[in-house]
Amino acid sequence: MRPIHFPNTSNIMLHVRIELPVAQNWETFCTYLYTPTEYARDRRGSCWAFEGGEVSYSTIYSYFNSLAKDQQEIIQSNRDLTSLCTSLPLFTGLDTIQLCFSSYIKPPFDWCAERMLLDGQLSFPRHVEVMATAIAAAKKYRVAIRTLIISGFYPRVLCHSRLVTDIISEAFSDVKELQLHDSPAILNFFEQCPLPQLERFEIGCYWMSVSHLERFIYAHARTIKFLHLEDIWLFRENREGNILNLTLADTKMILDSLTNIRYSGILSELTINRKIDGCYEMKESFA
């Protein structure tokens with residue numbers, strides 16, 4: 001038998017397939033998830049018209065039932081955790097982890113997937129926990145993650161358990177660069193549990209308030225030097241009596257809103273929005 005050689009690579013992109021269906025039996029599906037009456041209503045609205053035909057009620061059930069069985073088998077057997085704990089130590093040069101969260105629900109089922117999955121986002125935190133557990137175990141074999149990239153993490157909370165918090169903090173204690181895209185809960189988590197070696201932070205593709213960003217930067221004031229904002233929609237809060245007005249901010253308004261951060265003496269460089277030529281829409285260096 002020929003030996004198997006594992007690549008010594010410094011960068012692995014892990015696309016996490018997340019689905020948490022509960023359509024595991026016909027009665028649950030018909031009674032709680034998607035009743036025949038609801039199907040009839042949506043059918044009249046042409047919601048199930050697809051490629052010149054029509055998707056039947058039983059086909060919808062079969063599709064989500066299949067996903068439910070697959071995902072529950074993985075969860076109950078801990079197959080994902082076992083596989084990661086076994087494989088990660090073999091990549092001795094691994095220093096980057098990218099987690100891209102997506103439901104991968106195909107048309108024409110995607111539009112109603114949220115109700116079938118009871119919000120598939122509920123399973124996202126578990127997959128971060130699994131990955132963190134595997135990384136923490138791999139650290140015993142001198143695997144150190146220096147760059148962490150997370151996108152599409154929509155749940156409001158990353159974890160509720162102190163034990164899980166400690167696992168995540170341990171797993172990512174070597175991270176020097178953090179990139180968060182469309183993942184506000186991760187920002188909140190690392191504000192409360194700072195990354196002790198973080199030097200560079202990139203945030204992009206979601207709405208945020210200046211106060212949240214300020215708290216994160218101040219929590220990492222001892223180590224952070226570089227901040228990059230990419231496609232940020234920033235809330236400008238203007239109160240008129242009991243009314244809170246929220247407006248979109250352009251690059252200049254964002255820059256003006258970051259006055260406290262810019263003159264805090266913490267950062268060495270601030271950049272906003274990459275351009276095709278490799279430059280930035282705005283770049284500011286601090287002495």
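**Note on cysteines, helix H2 and the strands around E12**

1. Cys112 counts as buried, its relative accessibility being 3%. The structure is a predicted model, and the remarks on this cysteine and on those that follow should be read with that in mind. By contrast with a buried site, Cys205 is partly exposed, since its relative accessible area comes to 29%.

2. Where is the closest cysteine sulfur to that of Cys112? It belongs to Cys47, and because the two sulfur atoms lie 9.2 Å apart, they are too far from each other for a bond. With a cut-off that asks for sulfur atoms within 2.5 Å, the count for the model comes to 0 disulfides.

3. Helix H2, which spans residues 36-44, has Glu38, Tyr39 and Asp42 as its buried residues. Viewed down the axis of H2, these buried residues fall within an arc of 100°, and they therefore line one face of the helix. The general background is that an α-helix has 3.6 residues a turn, so residues three or four places apart point the same way.

4. On the face of H2 that is turned away from the buried side, the exposed residues are Thr37 and Arg44. Just after H2, Ser46 adopts a positive phi of about 65°, a detail that a colleague checking the backbone torsions may wish to find in the model.

5. Strand E12 (residues 269-274) and strand E13 (residues 280-285) run antiparallel and are joined by 5 bridges. Within this pairing, Arg274 has Tyr280 of E13 as its bridge partner. The two strands, E12 and E13, form a hairpin with 5 residues between them, and in the turn Gly278 has a positive phi of about 90°.

6. Which way does strand E9 (residues 226-230) run relative to E12, parallel or antiparallel? The two strands run parallel, with 4 bridges joining them, and Phe226 finds its bridge partner in Glu269 of E12. E12 thus has pairings both with E9, in the parallel sense, and with E13, in the antiparallel sense.

7. As for solvent exposure, E12 is mostly covered, with 5 of its 6 residues buried.

How values were computed: Residues are numbered from 1 along each chain as its sequence is written. This is a predicted model: local features need pLDDT of at least 70, side-chain atom pairs count only at pLDDT 80 or more; totals for chains, interfaces and linings use all residues. Side-chain values use heavy atoms; hydrogens and water are left out. Buried means under 20% relative accessible area, exposed over 50%, partly exposed in between (1.4 Å probe, protein chains only). The arc is that of the directions from the helix axis to the C-beta atoms. Two strands pair if DSSP finds at least two bridges between them.
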